[in-house]
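Trainee: Please take one residue of this model and look at it closely. Then place that residue in the wider chain, with the cut-offs stated.

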Amino acid sequence: ATSEFGVPVCEIESSLENIIDNIYELREPDILDKLPQVKFAIASNHLSLMNKWFDKNGLRSRFECILISGDVELEKPNSAFYRKLIELLDKKPEEILFIDDNEENIKGAAGVGLTTLHYKDRSKSLTSEILEILSE
């Protein structure tokens with residue numbers, strides 16, 4: 001948009017921030033309080049602007065790490081993206097529960113040895129799905 005239409009970068013970023021603020025919502029804002037004391041991470045195929053959204057919603061301090069494709073120039077389901085997550089968490093792959101709604105991302109994560117949860121039925125509570133896997 002900047003090169004083709006002359007729109008300043010700051011206007012583009014402002015518009016994208018507004019879109020992000022209005023699209024995303026915390027479906028289960030207390031989910032981290034309902035789960036056992038484990039480490040949490042975010043691994044997202046998104047723009048670096050998501051960092052501001054995490055900050056606005058007070059999420060950064062709740063997560064061990066936040067890995068955003070726009071920051072590292074890697075995307076799910078590329079195996080290098082998952083290896084970067086493993087490196088940041090400093091855990092064995094099988095000790096990491098990777099949750100995603102995209103089947104290709106689940107396959108990519110499983111391909112590097114991560115434990116996976118394909119969260120495809122939004123009518124089910126994510127909390128209960130995670131607790132079920134953790135109890136196995």
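**Ser69 and the rest of the chain**

Mentor: Leaving aside residues up to four places away in sequence, Ser69 touches Ser44, Asn45, His46, Leu74, Glu75 and Phe81, where a contact means heavy atoms within 4.5 Å. The model is predicted, so local features need pLDDT of at least 70 and side-chain atom pairs count only at pLDDT 80 or more, while totals for chains, interfaces and linings use all residues. Residues are numbered from 1 along each chain as its sequence is written, and side-chain values use heavy atoms, with hydrogens and water left out.

Ser69 belongs to helix α5, residues 69–72. Helices (H or I, at least four residues) and strands (E, at least two) are DSSP runs, numbered from the N terminus. With a relative accessible area of 7%, Ser69 is buried; buried means under 20%, exposed over 50%, and partly exposed in between, with a 1.4 Å probe and protein chains only.

Now the chain around Ser69. Eight helices and four strands make up its elements, in the order α-α-α-β-α-β-α-α-β-α-β-α along the sequence. The chain has 136 residues, and 33% of them count as buried. Of the contacts between residues at least 6 apart in sequence, 45% join residues at least 24 apart. The accessible surface is about 8700 Å², with 49% belonging to carbon and sulfur atoms; the areas come from the Shrake-Rupley method with a 1.4 Å probe, and for residues only the protein chains shown count as cover.

The loop between α5 and α6 (79–89) holds Lys76, which pairs with Asp100 of strand β3 (residues 97–100). Their closest N and O atoms are 2.9 Å apart in a salt bridge, that is, a side-chain nitrogen of Lys or Arg within 4 Å of a carboxyl oxygen of Asp or Glu. The pair therefore ties together parts that are 24 residues apart in sequence. Both partners are covered: Lys76 is buried at 9% relative accessible area, and Asp100 is buried at 7%.

Six salt bridges are found in the whole structure. Another one joins the side chains of Asp55 and Arg60, at 2.6 Å from N to O. Here Asp55 is partly exposed at 45%, and Arg60 is partly exposed at 34%.

A further salt bridge links Glu129 and Lys124, whose closest N and O atoms are 3.9 Å apart. Glu129 is buried at 16% relative accessibility, whereas Lys124 is partly exposed at 44%. Elsewhere, Glu103, Glu104 and Lys107 form one network through salt bridges that share partners.

Glu129 leads to helix α8 (residues 126–135), where Leu126, Thr127, Glu129, Ile130 and Ile133 are buried. Viewed down the axis of α8, these residues fall within an arc of 165°, so they line one face of the helix; the arc is that of the directions from the helix axis to the C-beta atoms. An α-helix has 3.6 residues a turn, so residues three or four places apart point the same way. Glu132 and Ser135, on the other side of α8, are exposed. At the start of α8, a side-chain oxygen of Ser125 comes to within 3.2 Å of the backbone nitrogen of Thr127.

Conventions: Polar contact = N/O pair within 3.5 Å; in protein donor to acceptor, adjacent residues only side chain to side chain.
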